[in-house]
Amino acid sequence: MMISRKCLASMLQRTAKSTSTRSMSLWGHVEMGPKDPIIGVTESFTADPNPNKLNLGVGAYRCDNGKPWVLPCVKAASENIVKSNLHNEYAPIAGFKTFVDRGLKLAYGDDCKILNEGGVAGIQALSGTGALRICGEFINKFHPSGTKPDVYVPNPTWGNHIPIMEDSGLKVRKYRYYDSKTNGVDINGMLEDIDNAPDGSVMLMHVCAHNPTGADPTLAEWEDISKVCKKKGHFIVMDSAYQGFASGDPAVDAASLRMFVEQGHQIALCQSFAKNFGLYGHRVGTFSMVCDNAEEARKVESQLKILVRPMYSNPPIQGANIINTILEDDALTQQWFDDVKTMADRIIKMRQSLTDALVDAGSTEDWAHINKQIGMFCFSGLTPEQCDLLASDHSVYLTRNGRISMAGVTTGNVEYLANAMVDVRKKAP
């Protein structure tokens, strides 16, 4: 079919106009954002054809076969939920109260006086990340100083802490935490920085199993930290992502949190159930604030719900139902104690296995910090250059700060990992 010159000209005009419109796109100025460091590690790992490749970047538990593990208590609870034919209606803005109450009791302890008196305001949150964001927004809006306080985070800290608080409108500063010479906590530097911070600052702390270092203060050091914070009137935000997962004993792992509450700190708690219940994809947690009394707690909770409503309206229900089903049943609760200890014990065992394998591989360095650290991660002391060599020469992938996810280390790959670490230490000392 022949096209007339007039029709062809009209078509070209429309094409030119369409092209011009597209070139003036409203979002044409948006630049490509940088990759998240963890996602970048996973992408490089996935693209690597080496059958011996290791992904030690992701913070998710793996069994000794290197596979994800669904906790037996979670399986049983999920089956009970299906049999109960629970509804799929919206949760309240603050989440399910029974779940929140049981979650807070797990954290604060059965005998926590202020909790039992109703003096803790608590709501369900989208795991630890969501709890931290609610916390930042609440501080921004309601801090009694009338000005926005600075939020102090440990150096180093979990990478998401900083953008969460900054996106909540707060300025982030750092206090000394890790001593690279000892591969442990720089307690003197930490205390000095906390003491030098302006009165009434916000101090964000990891309850246990510090991410990324795995280095925690001793109970005596926590006492000293509490005293300095009390003297300065600092507001303490505690991030609890690993209760039970660190030592295998939930009470031991909550010791710092319970100490601060017993000593009169009106803390905020950001509680996640991703790691210790293996519910990574369910985004389930709580956010709570210790108040002076029950009436104050009710007022605080009312404002938390107002913050949540335009943010995500209400939380998802499945993860909360699973945890509530476990914690309301004595047998399932005991099963959870057993399950979380299984995870903790395997990681503790792998720490010793890696230390032994490094010696067997010919290393004469002191690797004692691997065993002294606790929880999901080991801050190995490997340099960024050595981490690059691990990837390029041995297909071992981890973040460039030397953080090893111990959950990815197994009896089947620990020797390979140790030999690779010794090799890159020689190549790039």
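**A tour from the core to the pockets**

In this predicted model, begin by selecting Y108, M205, I225, I267 and I326, which, among the 94 residues of the largest nonpolar core, touch the most other members. Next, add helix α14, residues 330–360, which supplies the largest share of this core, nine residues. As general background, nonpolar side chains in soluble globular proteins tend to be buried together.

Now return to Y108 and display what surrounds it: leaving aside residues up to four places away in sequence, Y108 touches L115, V120, L257, R258, V261, I267, L269, S288 and V290. From there, move to a second core, separate from the one just visited, which has 31 residues and includes F138, V151, V237 and A268.

Two of the contacts of Y108, L257 and V261, lead to the next selection, helix α11, which covers residues 255–262. Which residues of α11 are buried? In this helix they are S256, L257, M259, F260 and V261. If you follow the chain just past α11, you come to G264, which takes a positive phi of about 95°.

The tour then turns from packed side chains to open space. The largest pocket holds about 980 Å³ of space, and, to find it, select I38, W158, N211, K275 and R403, which are the closest to its centre of the 35 residues that line this pocket. The elements that give two or more residues to its lining are α2, at 37–47, and α6, at 127–142, and the largest share, four residues, comes from α2. If you colour the lining of the largest pocket by class, you should find 15 nonpolar, 14 polar and six charged residues.

How many residues line the second largest pocket? This pocket, with a volume of about 500 Å³, is lined by 22 residues, of which P144, F235, Q266, M289 and V290 are the closest to its centre. V290 has already appeared on this tour, as one of the residues that Y108 touches. To see which elements form this lining, select α6, β8 (235–240), β10 (285–290) and α12 (294–311), each of which gives two or more residues to it. Of these, α12 gives the most, with four residues. Coloured by class, the lining of the second largest pocket shows 11 nonpolar, eight polar and three charged residues.

As a last step, show both pockets together and select α6, an element that gives two or more residues to the lining of the largest pocket and also two or more to the lining of the second largest pocket.

Key:
Residues are numbered from 1 along each chain as its sequence is written. This is a predicted model: local features need pLDDT of at least 70, side-chain atom pairs count only at pLDDT 80 or more; totals for chains, interfaces and linings use all residues. Side-chain values use heavy atoms; hydrogens and water are left out. Buried means under 20% relative accessible area, exposed over 50%, partly exposed in between (1.4 Å probe, protein chains only). On a 1 Å grid over the protein atoms alone, a cavity is a set of points where a 1.4 Å probe fits but cannot get out, and a pocket is an open set with protein on both sides within 12 Å along at least five of seven lines; lining residues have an atom within 4 Å of a point. Grid points are joined across faces, edges and corners, and a volume is the space filled by probe spheres set on the points. Ala, Val, Leu, Ile, Met, Phe, Trp, Tyr, Cys and Pro count as nonpolar, Asp, Glu, Lys and Arg as charged, and the others, Gly among them, as polar. A nonpolar core is a set of buried Ala, Val, Leu, Ile, Met, Phe, Trp, Tyr and Cys residues joined through side-chain atoms within 4.5 Å. Contact means heavy atoms within 4.5 Å.
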